[in-house]
Amino acid sequence: MSKNLKPKHLSIRVHWHDNGWNGTVCKNPAENYCCSEKEKCKCEDSKNDWGNVIKDNKKYTECIHKRGAFLADKKFQYSYEYYEYNEKTTFTVTVQHPPYSAAVYPFRWGWNKSDTNKKWDYLKDKGAIQKEGRKIKINRERVNELFFSEIRSKESLCIFYTRADKKIGFPESSSKGSIMVVGIGRVLEVIQAEADSNGNYPYDANFIQHSIRGDYQDGFILPYITCREEFLKKIKEEDLENYIVYAPNYDEEFSYVCEHVSDDTAIEVLLSCKNAVIDAEAYAKEWKERYGENVLKWINDRLGELWQKRGVYPGLGAVLEGALGLKLGVLIAEEIKANIKEDEDPWDYVDKIFKQPDQAKNLLPEELAEKITDVVCQKWTNIDKDDESKEFLKLISRLQLTVEEVKYLFEKFKKKDHKEMLSNPYLIYEKTRDWVKNNIDLERVDRGIFPPTNIRKKFPLPGPSAVSDISDKRRIRAFIIKTLEEEAEKGHTLMPVDGIKEKIKKFKNSDEDPISLNDYTLKNLEFGDEIKVVDVFIGKIKKEAYQLDRLYRAGEIIREEIEKRKGKTISEQVKVDENYWHSVLNRMLGENKNGDPKEKESRDEKVSALDNMIRFPIFVLIGPAGTGKTTLLKALHDYITKEEKGKILFLTPTGKAKVVLKEKLKDSDSSDNITVFNIAEYLNDRERFWPDRKNPYKVKGKKEETSDYDNVVIDEASMLTEEMLAAVIETVSNAKRIILVGDPGQLPPIGPGKPFVDIIRYLENEDNQKKCYGELTVQHRQAEDSLWVKLARTFSWGAEKKTNSVINGMDCSLKEDNIEWWEDKNELYAKIKKRLEKDLGIKDGESLRKSFGFNDKRKLEKNKAESWQILTPKNFGFEGVFEINKFIQKEYYNEKNNYSISDENNEFKYFFGDKVINIQNKYYDKKYFIANGEIGLITFVNTEDKNRNITANFISQPGNVYYYENKKKDKLDIKECLDLAYALTVHKAQGSQFEKVFLILPKSWLYKELIYTALTRHEENLTIFIEKSLKDSLCENIDKIKRNSAIDKRITNLFSSPCLILIDYNDDFQGYERAEYKEEPLIHRTEKGELVRSKSEVIIANILYKNNIEYKYEKELVLYDENGERKIVKPDFTIIIHKDGATKEYYWEHLGMLSNDSYRKNWKNKEKLYKLNNITRVEDGGNLIITEDDLKEEKGIDSVKISEIISTLFK
């Protein structure tokens, strides 16, 4: 290759080190589960060396040569063994490790795999790859020479990364992957390792000496690494990935230990690092104050250099190879760009080479020039005749693309699409964003289309593709779409424009200022069929919001179906009376012979619900665990199949929920005819599920004319997203009945919307729809007077409408029998161990297995995997799932006579008897279905056969045995499909029940629905381990959690425009984003029967009602601002007074949250608007009544004062 090739950068993988890779042994190797050399590493056996500097020549540091000391400030020596496959010999090599260095070898370059190494042919031509039989050392030397020839001192960056993993507390991102950047520096020198005294070379034959030092003057380690404990403590778990830099693995640039990185990718990584440094204020204020300014200046300096090196056409090689089929096109493009002047266009030379292939030898090395074949030249000739195709190739060559992405763009999309993309290059992002593979992210598109000013001027985009302004409407539209997609992942189906303006500022690719949206820009945007403009109320002032069209359409389908069905009755039903249902329940439950009043109440509400369930075409059944919802479904199934001779379809949102429901329904009278599907498999059969899409539920906008089922029941409906429900509705619109069943107090769905809650609130608010909505309240699963049942009710659906008597009655004093208080890891783990022994008799591995149903001979007599369960809100940290699972496994199953299996990288380790959870929906042997979330036990460990390693039996499938194998991704792969399950997150446990539950509650991460779900998972006994810092003000903390609702933070508009407020958390619960929007739902019912938003408004409404004063709640009022623009507001109450033949309106505003800065600011804006429209306070002779909650005394509204105001003004 040419010596003039532009320098590349390096990605270097390091394994996790708990002491900062600083030339020491890990502080606690025994708990560093991420060391890929764990089985070889002897650090764990040398406790005296833990945390101390590595000693020369000691073999306990096997992991060190895997870059475990790249920040060591002194030279040291170590030895390690490696097996030479060609010579079939094991060598021991002694290595001199330079300071601030990492030993690397480009493994990908030496693998003869066409799908892995696209440079193989070239390496072979250059002598790097020799014939079989030659020493592999010679091959490595040549590979190293070629690989490192493109690395330049002080010009090439080295990007250190590790794998984000729950083992170290950093989550893998569902959208961004698992490659987590650790730090970045410059390459100072490539040092070739010397042979040791025995003439042996290390396998990693080169050391990259880098520039990162402790003062961060020339490189840095990211703050979430250096301040890890504060990061994991202060940032809420679901937001962690927003603060982490995930490297994009385009064309495997972050793979195989060490690989070249392009300028474009390096720019993307540095821009993400810049945001991460700025965001460090949230958890590492001291770090930012000390290093932030230096690090940001260094990043900006490097970005300036990189943009110049990147050039205009980083995707040229991928286009030549992907669109034209030019072999080694990527290398040919690099050679062309290396041999032309800075202001020359490489496409001119591409054209010359293809039209005059004889000239190729003047520009390219001979081994590359011979790749310019007649076939490729003819393809170019055909494209050259088509101006649009040629311009499209030039356009996409401005983007850093992989060969596969080019093929996708060129082959998947038609000429019409290419023409549209030429007119709007940002459609490249918009049209590919939903694909799991080959989605081209917006930042990459923007770097190619809108680079810094000097590059845009030198190589301007032609004609319709040109983007010259930062506020180009096509660019703005794309960033709004991206923002809405990100918000949809958080559960929102729309976002106020004001919120989008703030969020969009973070996008910045070049030297331009951040995107700033003004009203003029927004008014001139063309959203087409991608975005809908909808209404939202903030502080009861009407404002604009944006909504993705696909979510708008999904909402329309749901709304139309509910509207169509509400208030109607089914005429073709078999008439039955209450006696029929009572006899059905007596048959199923036995007669209430003792006349238990609670049992009578329970059966009466069940009969009422069943009677309405068969009468109405839409019905919603809600109730907490243990109230008998499944009993009603059994009765309904028997009625429909026997009395109506109809067919009923049961659907569930998840595979686990399907398995659970099927198990519960199996003793129905007609259990042989029960049809249960999870929604994904049901829609897949109807071509409405796209497994290759990020949003797989396909809403066609067309309802199916016929349905195989005339009755449809969706269980666990609280897990439904809007798109999921809309896709189902389109297939069952002609069904006689649609019934939604669930507990709305549980965790909201993963994905956009909360349709179950929105439908309940809508039907509950419609006076004439009460019979379409049934609630079961009497619980049997847990003791009615149980402390935990009472506590759960304070967090349950509708609890805010009731008094706080449960908490007051407890006096916030919880018995020690029910509670274990803890302060740190050691105390928590000691108390977990104590309670397992006290409550379950678990002392060792044998007693642990017995608790799950194994006998003394280690035979599973009865699968009791769900007899007990540890639950926690967290995945990470010592209170998280991973560390607790490892603690239980290590504490009880580290027996010499117990069989275990692990992979070569120690990424998993399982013992005979381990409790496990399946984490993927899979079909086994094409006929057995194992669902994500099923819990079981390992009943056999095969330590000899490398393929069939583990046998697992699952509690829901007692007759089936499942085999999990190592590295069998097309089957049940151990790593991909299995996890330990002694501890589960509360999210993962939703829909499951356990006899005994041990619940861990740390101070942070708690909110209403999570606590409620956790408190309702047990059947017999619950023990809670609470962090001691919650103890002193338990009642106050419970009240804060009750106000912290994940459901109400979801912004949706299924039936009406949402009314939002901005919430400030202050420091009540650390780790939550500040200034989030929260919906104020209508949840409090007045004596008049209407729903209002607060208890204070209930008091005002009731007093007005008792005094026969006419009023309207939240009646829209049209006002005009200082510019004459029309504004719509909603006063809390509009009071209508008829006197002396005239009508006068008063407007009443009650201010209940003036302690909230955002609320107070919104009120000032609203009052200003009132004044502009001559609406002034009654004290000044006007018609605006203003009342406030008493904040000084921390009291609510003064009802006496309200009565006095009404008496004075209106009587």
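# Questions about a predicted model

Colleague: Helix H24 (residues 597-615) catches my eye in this predicted model. What span does H24 reach from its first C-alpha to its last?

Modeller: Happy to start there! H24 has 19 residues. At 1.5 Å a residue, a span of 27 Å is expected. The helix comes close to that, and the distance from its first C-alpha to its last is 27 Å.

Colleague: Which residue has a side-chain oxygen that reaches a backbone nitrogen at the start of H24?

Modeller: Look at the backbone nitrogen of Lys598. A side-chain oxygen comes to within 3.0 Å of this nitrogen, and the oxygen belongs to Asp596.

Colleague: Which strands do the buried residues of H24 pack against?

Modeller: Let us begin with the residues themselves: the buried ones include Val607, Leu610, Met613 and Ile614. Charged names appear in the list too, among them Glu599 and Arg603. The buried residues pack against two helices, H23 (578-589) and H25 (629-643). Their strand partners are S13 (618-622), S17 (737-742) and S18 (773-775).

Colleague: Let us follow S17. How many of its residues are buried?

Modeller: Take the two faces in turn. On one side Arg737, Ile739 and Val741 are buried. On the other side Ile738, Leu740 and Gly742 are buried as well, so both faces are covered, in keeping with the way side chains alternate between the two faces in a regular strand. The number of buried residues in S17 is six of six.

Colleague: In which sense does S17 pair with S13 and with strand S16 (residues 711-714)?

Modeller: S13 joins S17 over five bridges, and Ile622 has Gly742 as its bridge partner in S17. S16 joins S17 over four bridges, and there the partner of Ile714 is Leu740. For both pairings the sense is parallel.

Colleague: Now the rings. How many aromatic pairs are there, with centres within 6.5 Å?

Modeller: One of them is Phe147 with Phe148, whose centres are 4.9 Å apart and whose planes meet at 85°. An angle over 60 degrees counts as edge-to-face, so this pair is edge-to-face. Phe147 is buried at 0% relative accessible area, and Phe148 is buried at 9%. The count of aromatic pairs comes to 42.

Colleague: Why is the pair of Phe677 and Tyr682 given its own label?

Modeller: The ring centres of Phe677 and Tyr682 are 6.3 Å apart, and the planes are at 40°. Phe677 is partly exposed at 22%, whereas Tyr682 is buried at 1%. Because planes under 30 degrees apart count as stacked and those over 60 as edge-to-face, this pair is tilted.

Colleague: Which residue has its charged end over the ring of Phe537?

Modeller: There is a similar arrangement at Trp435, where Arg693 lies over the face at 4.0 Å from the ring centre. For Phe537 the charged end also sits 4.0 Å from the centre, and the residue is Lys1130.

Colleague: Finally, what is the phi of Lys540?

Modeller: Most residues other than glycine have a negative phi. Tyr100 goes against this with a positive phi near 45°; Tyr100 is in the loop between strand S3 (89-97) and strand S4 (101-104), and is buried at 17%. Lys540 sits in the loop between strand S11 (531-538) and strand S12 (541-548), and is buried at 6%. Its phi is positive, about 65°.

Key:
Residues numbered from 1 in each chain as written. Predicted model: local features only at pLDDT ≥ 70, side-chain atom pairs only at ≥ 80, totals over all residues. Heavy atoms only, no water. Phe/Tyr/Trp six-rings, centres within 6.5 Å; stacked < 30°, edge-to-face > 60°. Buried < 20%, exposed > 50% of the residue type's maximum accessible area, 1.4 Å probe, protein only. Lys NZ or Arg CZ within 6 Å of the ring centre and 35° of its normal. Expected span 1.5 Å × (residues − 1). Contact = heavy atoms within 4.5 Å. Polar contact = N/O pair within 3.5 Å; in protein donor to acceptor, adjacent residues only side chain to side chain. Pairing = 2+ DSSP bridges.
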